[in-house]
Amino acid sequence: MLEDQFSCVGCGVAIQTENEEMLGYAPQSALEKEEVICQRCFRLKNYNEIQDVSLTDDDFLKILHGIGETKGLIVKIVDIFDFNGSWLQGIHRFVKGNPILLVGNKSDILPKSVKKQKLINWMKREAKELGLKPIDVCLVSSAKGHGIREVAELIDQYREGQDVYVVGCTNVGKSTFINRMIKEVTGVNDVITTSHYPGTTLDLIEIPLDNGAALYDTPGIINHHQMAHFVDKRDLKLLSPKKEIKPMIFQLNEKQTLYFGGLARLDYVSGGKEALVCYIPTELKIHRTKLENADDLYEKHAGELLSPPRQEDVDTFPKLIPHEYTIKEAKTDIVFSGLGWVTVNNPGKKIVAYAPKGVNVTLRKSLI
């Protein structure tokens, strides 16, 4: 319910007590205090921690348009493990001439064998194909704190005294990134204020920088095609690996199928014997079966042997939709948005990849 008589003294948002995920949440007990403060501002004020909030696509476009009207540096955060899934489409069109610094987060998740420079070059190439020419590209691990100081220095260099806007979709680790930046840039005890951004009904969090400029945290936009939106909250940790991904290699004969839990499936149809390399979170079990038995296996064992989804969610879980590919180039990744990818090393292979209706499946030049 919306507590009409209350708005947050920190950011001005209307207070509500129902949904922790939404803007303006405060526990019922907070309403008894003299000054009512939303949980997001409370965590910011007391622990210097930013919590991500999600917003609708329209709200996000309003913010982007607002940024386009001002001068500043855009810091775009993507999840390097889910590069395509965490990409924000068309951002360069809205922010007009403002420079964009592209930051790949969660670099600690990728196998250590991946060379940093190779990864940066790969990100530049992918960004270009997606229509973006960033002013620079860098890698961080917000969770471990790797690369934060270097990014802070780059931000300072590229902003030229102007404001900085951090954008990204939900689950990319944007809040952790900003929390690390706060420690790096301001020292933990500086006062952080929240501010109302002109022209929107939303609240950006403002972290003062020198000379009157500020670093603004924008709420995370939901990318609806990511796998995370289709699983039970309790299983989200399966899709957000915390430690280095270990590639799993499967030697497949023609007409064999791999299931990734019950969330996705890959049929290896033809092309002779082939080794497929799976970069999927370790906690998610991979099952191999014959193609002729695959439908039957799913029907009988979705929700138990093949899980997630959980048993109680099987009936409402979206149907797995096939995407057919003939691999044209050596070293091609088949990417399941928000789940991981499978590398096919040799061309000429026929593959059918299945994902829940609404989840993107794409091909790209191999990342590793």
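This is a short dialogue on how to read some features of a predicted model.

Colleague: Before we start, what are the ground rules for this model?

Modeller: It is a predicted model, where local features need pLDDT of at least 70 and side-chain atom pairs count only at pLDDT 80 or more, while totals for chains, interfaces and linings use all residues. Residues are numbered from 1 along each chain as its sequence is written, and side-chain values use heavy atoms, with hydrogens and water left out.

Colleague: Let's take salt bridges. How many does a search of the whole structure find?

Modeller: The general idea is a side-chain nitrogen of Lys or Arg within 4 Å of a carboxyl oxygen of Asp or Glu. Searching the whole structure turns up 15 salt bridges.

Colleague: Which residue meets Asp108 in a salt bridge?

Modeller: That's Lys144, with 3.1 Å from N to O. This pair links distant parts of the chain, 36 residues apart: Asp108 is in the loop between strand E5 (100-105) and H4, and Lys144 is in the loop between strand E6 (136-139) and helix H5 (148-159). As for those labels, helices (H or I, at least four residues) and strands (E, at least two) are DSSP runs, numbered from the N terminus.

Colleague: Is Asp108 buried or exposed?

Modeller: Here the idea is relative accessible area: buried means under 20%, exposed over 50%, and partly exposed in between (1.4 Å probe, protein chains only). Asp108 counts as buried because its relative accessibility is 16%. Its partner Lys144 is partly exposed, at 46%.

Colleague: What about Arg364: which residue does its side chain meet in a salt bridge?

Modeller: Asp333, again with 3.1 Å from N to O. Arg364 lies in strand E21 (residues 361-365) and Asp333 in strand E18 (residues 332-336), so this pair ties together parts that are 31 residues apart in sequence. Arg364 is buried, with a relative accessible area of 6%, and Asp333 is buried as well, at 0%. Elsewhere, Lys112, Glu244 and Lys246 are joined into one network by salt bridges that share partners.

Colleague: And which residue forms a salt bridge with Asp232?

Modeller: Arg234 does, and the closest N and O atoms are 2.9 Å apart. Arg234 is partly exposed, with a relative accessible area of 44%.

Colleague: Let's go back to E18. Where else can I see a contact across the sequence there?

Modeller: Look at Ile334, which lies in strand E18 and is buried, with a relative accessible area of 0%. Ile334 and Lys365 are 31 residues apart in sequence, yet 9.1 Å apart in space, C-alpha to C-alpha.

Colleague: Lys365 also turns up on the surface, I think. Which residues gather in a patch of positive charge?

Modeller: A patch is built from residues with over 30% relative accessible area and no salt bridge, joining like charges within 9 Å and nonpolar side chains (Val, Leu, Ile, Met, Phe, Trp, Tyr) within 5 Å. In this model, Lys118, Arg125, Lys331 and Lys365 make up such a positive patch on the surface. Arg125 lies in helix H4 (residues 116-129) and is partly exposed, with a relative accessible area of 34%. Lys331 is partly exposed too, at 44%.

Colleague: What is the phi of Lys331 near?

Modeller: Near 55 degrees, a positive value in a residue other than glycine. You'll find Lys331 in the loop between E17 and E18. Lys106 also has a positive phi, near 65 degrees; Lys106 is in the loop between E5 and H4 and counts as buried, at 19% relative accessibility.

Colleague: Now the backbone around the prolines. Which residues does a cis peptide bond join?

Modeller: Ser307 and Pro308, where omega is about -5 degrees. The bond from Pro308 to Pro309 is cis as well, with omega near 5 degrees. Pro308 lies in the loop between helix H8 (291-301) and strand E17 (320-326). Leu305 lies in the loop between H8 and E17 and is partly exposed, at 40%. From Leu305 to Gly261 is 7.6 Å in space, C-alpha to C-alpha, with their positions 44 residues apart in sequence.

Colleague: Last one: how many disulfides does the count come to?

Modeller: A disulfide is a pair of cysteine sulfur atoms within 2.5 Å, and by this rule the count is zero. Among the cysteines, Cys38 is buried, with a relative accessible area of 2%, and Cys278 is buried, at 1%.

Note on methods:
Accessible areas come from the Shrake-Rupley method with a 1.4 Å probe; for residues, only the protein chains shown count as cover. Lys and Arg count as positive and Asp and Glu as negative; His and the chain ends are not counted. The place of a charge is taken as NZ of Lys, CZ of Arg, CG of Asp or CD of Glu.
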